[in-house]
Amino acid sequence: MAGPFHAQKQSRLFNLVSADVRLLIYEAVLADPDRMLHIVSYRGNRHRPCMGHWQCDDAESPLPTWQHSCYGIWTPESGGTYRRREPRSNSNLVSMLLACRVVYLEAITVLYNANVFAFKGAHGLIRFHSTLPAQNWNRLRRVNVSTVFMMPRRVSEGIYSRDNSVPPENYYAWGEACSTLATLTYLQHLTIDMTIWNYRGHNSTNPFPPEDLLSILEPLKHIKAKFFEVELNTALPEAVKTSLEPLNFSIKQCHRPYDTESFRQG
Ligand SMILES: [Zn+2]
């Protein structure tokens, strides 16, 4: 049974510090608008996978965001196997929120409004959404999603990773993730960095099937954000662009290097 409720107004924090100044304190402790806050999944135990957060410490990396060391890297173990370190958190971000009920109620909005929430693939976003109360999900203002698709789609669907994390992206989960993002009413800033790999090889010049390109871009059309940019490593055929009009996002073409050695699949 819960104990008696204390208003906690006797605390000096509330008696001596004005609400405006308390807000500044919350912003200083809980938010860093210039640094992504990665949401990372880790196994927890067999029945209860867990979510952690990692304030980006690999921002200078030229790699796609999903390859940041923030999500863990594969390291060689004895016996010729590789193991991925599972990061959980590199900050005490939520400690202040847990200190007392009044601080939590005053500061929780700052945590979700001011940070850039970065998700690795559709699965990272869907899982985060499933663990969050709806009112907190709706507080998100700035989001980044980083993912990698493999084409042709019919080949990719046979090799989805075992734990549903990229690479490669699950086309069905991607549709669900986009629908989930479309529920954010006050989304201000959304960036998606999307790498498309050719099954026949990274350097293959074979064109991507237009219908496969459309199947990953059309779900974005329902998302509303004041600033919405999709970064692609390939040029879109005119026919695909025309099919997507009117575009609700801008497209930036960018070729990031990728490290297939350190970031092995599964
Ligand atoms: Zn990072």
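**Exercise 1. Getting an overview**

Find what share of the 266 residues in the chain is buried.

*Solution.* Buried residues account for 27% of the 266 residues in the chain. Keep in mind as you work that this is a predicted model. Next, look at the elements: the chain holds 10 helices and 9 strands. Finally, turn to the contacts between residues with a separation of 6 or more: 69% of them join residues 24 or more positions apart.

**Exercise 2. Following the parallel strands**

Work out which strands pair with strand β7 (residues 189–198), and how many bridges each pairing has.

*Solution.* Start on one side, with β6. Strands β6 and β7 run parallel and are joined by 10 bridges. To find your place in this pairing, look for Val 145, which stands opposite Ile 192 in β7.

Now go to the other partner, β8. Here β7 pairs in the parallel sense as well, over 6 bridges. Two pairs of residues help you trace it: His 189 has Phe 227 of β8 as its bridge partner, and Asp 193 has Glu 231 of β8.

As a last step, ask how β7 sits in the structure. Of its 10 residues, 7 are buried, so β7 is largely enclosed by the rest of the structure.

**Exercise 3. From β8 to β9**

Describe how strand β8 (residues 227–232) and strand β9 (residues 250–253) are joined, and which unit they make with helix α10 (residues 238–244).

*Solution.* First, the pairing: β8 and β9 run parallel, with 4 bridges between them. One bridge to look for links Leu 232 with its partner Gln 253 in β9. Then add the helix: β8, α10 and β9 together make a right-handed β-α-β unit.

On the way from α10 to β9 there is a loop, and Pro 246 lies in it. Check the peptide bond between Glu 245 and Pro 246: this bond is cis, with omega about 0°.

**Exercise 4. Another proline to check**

Find the form of the peptide bond from Met 151 to Pro 152, and locate Pro 152.

*Solution.* Begin with the background: most peptide bonds are trans. The bond from Met 151 to Pro 152, however, is cis, with omega near 5°. As for its place, Pro 152 belongs to the loop between β6 and α7 (153–156).

**Exercise 5. Two aromatic residues**

Decide whether Phe 149 and Tyr 258 are buried or partly exposed, and list what each touches.

*Solution.* Take Phe 149 first; this residue is found in strand β6. Phe 149 counts as buried because 23 C-beta neighbours lie inside 10 Å, and the cut-off for buried is 20 or more. Leaving out residues up to four places away in sequence, Phe 149 touches Ser 156, Pro 168, Glu 169, Met 194, Ile 196 and Ile 216. Among these, Ile 196 is 47 residues away along the chain, yet the two C-alpha atoms are separated by 4.8 Å.

Now Tyr 258, in the segment after β9. Tyr 258 has 19 C-beta neighbours inside 10 Å, so this residue counts as partly exposed. Apart from neighbours within four places in sequence, its contacts are Leu 63, Pro 64, Gln 67 and Thr 195. Pro 64 is 194 residues from Tyr 258 in sequence, with a C-alpha to C-alpha distance of 6.8 Å.

**Exercise 6. The buried face of α9**

Show where the buried residues of helix α9 (residues 210–217) lie around the helix, and name elements that cover them.

*Solution.* List the residues: Leu 213, Ile 216 and Leu 217 are buried. Look down the axis of α9: these buried residues fall within an arc of 95°, so they line one face of the helix. Then look at what lies over them: the cover includes β6 (142–151), α8 (171–181) and α10.

**Exercise 7. A helix with a kink**

Compare the expected span of helix α4 (residues 101–114) with the distance between its ends, then look for a bend.

*Solution.* At 1.5 Å a residue, the 14 residues of α4 should span 20 Å. The end C-alpha atoms are 20 Å apart, which agrees. Along the way there is a kink of about 40°, centred on Ala 107. Ala 107 is also one of the buried residues of α4, together with Val 103, Val 110 and Leu 111. These buried residues pack against α2 (19–30) and α3 (95–99).

Terms used. Residues are numbered from 1 along each chain as its sequence is written. This is a predicted model: local features need pLDDT of at least 70, side-chain atom pairs count only at pLDDT 80 or more; totals for chains, interfaces and linings use all residues. The expected span of a helix is 1.5 Å times one less than its number of residues. The bend at a residue is the angle between axes fitted to the seven residues ending there and the seven starting there. A residue is buried if 20 or more other C-beta atoms lie within 10 Å of its own, exposed if 12 or fewer, and partly exposed in between; C-beta atoms are placed from the backbone. Two residues are in contact if their C-beta atoms, placed from the backbone, lie within 7 Å. Two strands pair if DSSP finds at least two bridges between them. A crossover is right-handed if, with the strands pointing away from the viewer, the path from the first strand over the helix to the second runs clockwise. The arc is that of the directions from the helix axis to the C-beta atoms.
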